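Colleague: Could you take me through this model from the beginning? I should like to start with the overall fold and then turn to single residues.

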Amino acid sequence: MKFITISGPPSSGKTSVILKVIESYKLQNQRCGVVKFDCLLTEDDKLYEAKGIPVKKGLSGGLCPDHYFVSNVEACVEWGIELGLDLLISESAGLCNRCSPHIRGVTAVCVIDNLSGVNTPKKIGPMLKFADIVVITKGDIVSQAEREVFASRVKVVNPRAVIMHVNGITGQGAFELATVLNDTEDIDTLKGKQLRFSMPAALCSYCLGETRIGDAYQMGNVKKMDF
């Protein structure tokens, strides 16, 4: 089974892109499934179900979404293999612009949109910097000059990535993306594989339920500003 991680900021168009890519795979008689990771709420699973796509969703709640992802992703792969899928896609939202769900040896895609601003690529962090493919969406809403500037900023942050433009509404570019993803190697397990970047670190009193503000209530991993 092929396994791909797709991440990106909320509302960047990840689900729309995935749906269009899966349409291309269906034309090749490939059976695809999706695992959706989010924090508090998602109804994207209903969109996949409406298209007859096997889907599972996981909500991290009060836990760090990266820790939740890495604790469950191996079981997700096992689920996909049990279903006999040809392709399983993991979709996760980079809610803190610091998330790092990419795995060494697994094709990694980051989706960002032109409407987020030309400085956004510098702010996103590991999920963009360590991606194999960067998909830029909503290019039909901005000018050609804005598209070129945005793409050049992406290239500065991640010069190794393949940059592609996909329209999540019309599907333009989705077939080309599916063609690139075809080069993904099959896997039978994730056990022993490593994340491409370490997860955000925190073990402090607030992690354990503290709500009071003040130095007297702060213990553990605390990072202070220099005034």
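Modeller: What follows moves from the whole chain to individual residues.

Modeller: Please keep in mind that this is a predicted model.

Colleague: How many helices and strands are there in the protein?

Modeller: The protein contains seven helices and seven strands. Read from the N terminus, the order of the elements is β-α-β-α-β-α-β-β-α-α-β-α-β-α.

Colleague: And how compact is the protein?

Modeller: The protein is as compact as a globular protein of its length, because its radius of gyration is 18 Å and the globule rule gives a close value of 17 Å for 227 residues. The C-alpha trace spans about 60 × 45 × 30 Å along the principal axes.

Colleague: What share of the residues counts as buried?

Modeller: Of the 227 residues, 45% count as buried. The exposed surface of the protein is about 12,000 Å², and 54% of that surface is supplied by carbon and sulfur atoms.

Colleague: What about contacts between residues 24 or more positions apart?

Modeller: Taking the contacts with a separation of 6 or more, 73% are between residues 24 or more positions apart.

Colleague: How many positive and negative side chains are there?

Modeller: There are 26 positive and 25 negative side chains. The centres of these two sets lie 4 Å apart.

Colleague: Let us change topic to the aromatic residues. How many aromatic pairs does the structure hold?

Modeller: The structure holds three aromatic pairs. One of them is formed by Phe-37 and Tyr-68, with 6.1 Å from centre to centre and 80° between the planes.

Colleague: Why is that pair called edge-to-face?

Modeller: The angle between the planes of Phe-37 and Tyr-68 is 80°, and planes over 60 degrees apart count as edge-to-face, so the pair receives that name. The pair also links distant parts of the chain: Phe-37 is in strand β2, whereas Tyr-68 is in helix α3 (residues 65–83), 31 residues apart.

Colleague: Is Phe-37 buried or exposed?

Modeller: Phe-37 is buried, with a relative accessible area of 6%. Phe-37 also forms an edge-to-face pair with Phe-69, at 5.1 Å centre to centre and with 75° between the planes. That pair, too, links distant parts of the chain, with Phe-37 in strand β2 and Phe-69 in helix α3, 32 residues apart. Phe-69 counts as buried, at 2% relative accessibility.

Colleague: Which residues form the aromatic cluster?

Modeller: Phe-37, Tyr-68 and Phe-69 form one aromatic cluster.

Colleague: What else does Phe-37 touch?

Modeller: One contact of Phe-37 is with Ser-92. Ser-92 lies in strand β4 (residues 87–93) and counts as buried at 10% relative accessibility. Leaving aside residues up to four places away in sequence, Ser-92 touches Ile-6, Ser-7, Gly-8, Lys-14 and Pro-101 as well as Phe-37.

Colleague: Where is Thr-15, and which residues does Thr-15 touch?

Modeller: Thr-15 is in helix α1 and counts as buried, with 10% relative accessibility. Apart from residues up to four places away in sequence, Thr-15 touches Lys-36, Asp-44, Leu-47, Tyr-48 and Glu-91.

Colleague: Now the backbone. Which residue other than glycine has a positive phi near 60°?

Modeller: Asn-29 is one of them, with a positive phi near 60°. Asn-29 is placed in the loop between α1 (14–27) and β2 (32–38). Asn-29 is exposed, with a relative accessible area of 69%.

Colleague: And what is the phi of Lys-138?

Modeller: Lys-138 has a positive phi of about 60°, although Lys-138 is not a glycine. Lys-138 lies in the loop between β6 (133–137) and α6 (144–157). At 27% relative accessibility, Lys-138 counts as partly exposed.

Colleague: Why does Lys-138 count as partly exposed?

Modeller: The relative accessibility of Lys-138 is 27%, and partly exposed covers values between buried, which is under 20%, and exposed, which is over 50%, so Lys-138 belongs to the group in between.

Colleague: One last residue: where is Ala-50?

Modeller: Ala-50 is in helix α2 (residues 44–50) and is exposed, with a relative accessible area of 68%. Ala-50 and Pro-121 are 33 Å apart in space, C-alpha to C-alpha, and 71 residues apart in sequence.

Terms used: Residues are numbered from 1 along each chain as its sequence is written. This is a predicted model: local features need pLDDT of at least 70, side-chain atom pairs count only at pLDDT 80 or more; totals for chains, interfaces and linings use all residues. Side-chain values use heavy atoms; hydrogens and water are left out. Helices (H or I, at least four residues) and strands (E, at least two) are DSSP runs, numbered from the N terminus. Buried means under 20% relative accessible area, exposed over 50%, partly exposed in between (1.4 Å probe, protein chains only). Contact means heavy atoms within 4.5 Å. The radius of gyration is taken over C-alpha atoms; the globule rule is 2.2 Å times the number of residues to the power 0.38. Accessible areas come from the Shrake-Rupley method with a 1.4 Å probe; for residues, only the protein chains shown count as cover. Lys and Arg count as positive and Asp and Glu as negative; His and the chain ends are not counted. The place of a charge is taken as NZ of Lys, CZ of Arg, CG of Asp or CD of Glu. Rings of Phe, Tyr and Trp (its six-membered ring) pair if their centres lie within 6.5 Å; planes under 30 degrees apart count as stacked, over 60 as edge-to-face and the rest as tilted.
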